[in-house]
Amino acid sequence: MAELATHLRVVEETPAYWRVVFDNPPFNVLDAGIFEGLQNLLRRIDSNPSVRVVVFESAIPEFYLSHFDLVGDIRGLFSTTGPTGLALLADTFVRLSKSPVANIAKIRGCVRGASSEFVLACDMRFASRENTQLGQPEVGVGLHPGGGGTERLPLLVGRGRALEIILSANDFDGELAERYGYINRALPDAELNGFVDSLARRIASFDRRAIAAAKNLVNEVSLPSVDQLLDGLNSFQTALTWPEAQQRIQAVLKRGSQREADFEKGWPAVLGSLLPT
């Protein structure tokens, strides 16, 4: 087992098949430390020709990756650039999508906002039917998705459903997410581990060159352009300065975001009545 950074570790099941475990208690908030770990992982993948498939999972059953850090120092994710020339937030997701290995999100628990954008950047998404809540709640806190949600979702689910997901700012359970195409499959929780492990081991048995070539060809017809992603990220940074957004973010924090477990599990439900009308 190898530590990539605080709250993120790699379990090498075989030289070709790695599991990456998010462990940032209590809520697996997507913070600067996790992005640091993902950057380290991508460097390790690029330098290790043996690895063919990576599965991303959570050590905290109720929170896969809950949402973007609202209280920590995340300025470097916008001001520092990665190898693609993009800011680290966008760079991490673009490099994940274009990595020569297959990557799979094995989802249990809450996955919202930038965390949803992380799983959208993965090649495949499999989720617990009973224990999954996916969403892009940014509009409900006065913002909009900025890490690829507005660019990737329409390509997966279509325009109307993408707008429903984004503008409702609400949660989508595993069954509905599967029906919409937000995820590949929702499986009974007891079957999720076995299914993903079997798929990962099968992919790991194939040649990396073939995996990378096939993935590259699919990417050419299915990924948003870098310019589109950059426009979204720049607009998001502007939105963070809007007074309305600051007011709503503070209201969410006051209600219990990143402090109270019950609130973290269901906070999109209160966004429609967050402020007095």
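**Close-up views of a predicted model**

**View 1. Helices α3 and α4 are roughly parallel to each other.** In this predicted model, the axes of α3 and α4 come within 8 Å and cross at roughly 25 degrees, and because angles under 35 degrees count as roughly parallel, the pair is described in that way. Such a description follows a common convention, in which two packed helices are characterised by the angle between their axes and the distance between the axes. On the α3 side the contact is made by F93, L96 and S97, which meet A114, E117, F118 and A121 of α4. Sorted by class, the residues of this contact of α3 with α4 are five nonpolar, one polar and one charged.

**View 2. Helix α4 is largely enclosed by the rest of the structure, because eight of its eight residues are buried.** The buried residues in α4 are A114, S115, S116, E117, F118, V119, L120 and A121. Among them, A114, E117, F118 and A121 are also the residues of α4 that meet α3. In an α-helix there are 3.6 residues a turn, so residues three or four places apart point the same way.

**View 3. The side chains of K215 and D123 meet in a salt bridge, with 2.8 Å from N to O.** This pair links distant parts of the chain, since K215 belongs to helix α9 whereas D123 sits in the loop between α4 (114-121) and β7 (124-135), 92 residues apart. K215 is buried, with a relative accessible area of 10%, while D123 is partly exposed, with a relative accessible area of 25%. Helix α9 (residues 208-222) also holds N219, which counts as buried at 14% relative accessibility. When neighbours within four places in sequence are left aside, N219 is in contact with S97 and K98; of these, S97 is one of the α3 residues that meet α4.

**View 4. E13 forms a salt bridge with R201, the closest N and O atoms being 3.4 Å apart.** Because E13 lies in strand β2 (residues 8-14) and R201 in helix α8 (residues 189-204), the pair ties together parts that are 188 residues apart in sequence. Both ends of the bridge count as partly exposed, E13 at 31% relative accessibility and R201 at 38%. Salt bridges that share partners join E13 and R201 with R19, E57, K106 and D197 into one network. A search of the whole structure finds 15 salt bridges, and, in general terms, side chains of opposite charge can pair when their charged atoms come close.

**View 5. D46 forms a salt bridge with R95, the closest N and O atoms being 3.6 Å apart.** The two residues lie in helix α1 (residues 32-47) and helix α3 (residues 88-98), respectively, so the pair ties together parts that are 49 residues apart in sequence. R95 is buried, with a relative accessible area of 12%.

**View 6. The cysteines C110 and C122 are too far apart for a bond between their sulfur atoms.** The sulfur of C110 is 17 Å from the closest cysteine sulfur, which is in C122, and the sulfur of C122 likewise has its closest cysteine sulfur in C110, at 17 Å. Because a disulfide requires a pair of cysteine sulfur atoms within 2.5 Å, this separation is too far for a bond, and a search of the whole structure finds zero disulfides. Both residues are nevertheless buried, C110 at 1% relative accessibility and C122 with a relative accessible area of 4%.

**View 7. The loop between β3 and α1 contains P26 and N28, each with a backbone feature to note.** The peptide bond from P25 to P26 is cis, with omega near 5 degrees, and P26 is found in the loop between β3 (17-22) and α1. In the loop that also holds N28, this residue has a positive phi of about 50 degrees although it is not a glycine, and N28 is buried, with a relative accessible area of 0%. For comparison, most residues other than glycine have a negative phi, and most peptide bonds are trans.

**View 8. Q258 has a positive phi of about 65 degrees although it is not a glycine.** Q258 is found in the loop between α11 (243-255) and α12 (261-266), where, at 17% relative accessibility, Q258 counts as buried.

Technical notes:
Residues are numbered from 1 along each chain as its sequence is written. This is a predicted model: local features need pLDDT of at least 70, side-chain atom pairs count only at pLDDT 80 or more; totals for chains, interfaces and linings use all residues. Side-chain values use heavy atoms; hydrogens and water are left out. Buried means under 20% relative accessible area, exposed over 50%, partly exposed in between (1.4 Å probe, protein chains only). Helices (H or I, at least four residues) and strands (E, at least two) are DSSP runs, numbered from the N terminus. Contact means heavy atoms within 4.5 Å. A salt bridge is a side-chain nitrogen of Lys or Arg within 4 Å of a carboxyl oxygen of Asp or Glu. Axes are lines fitted to C-alpha atoms, for helices over the stretch in contact, and angles run from 0 to 180 degrees between N-to-C directions. Angles under 35 degrees count as roughly parallel, over 145 as roughly antiparallel, 65 to 115 as roughly perpendicular and the rest as oblique. Ala, Val, Leu, Ile, Met, Phe, Trp, Tyr, Cys and Pro count as nonpolar, Asp, Glu, Lys and Arg as charged, and the others, Gly among them, as polar.
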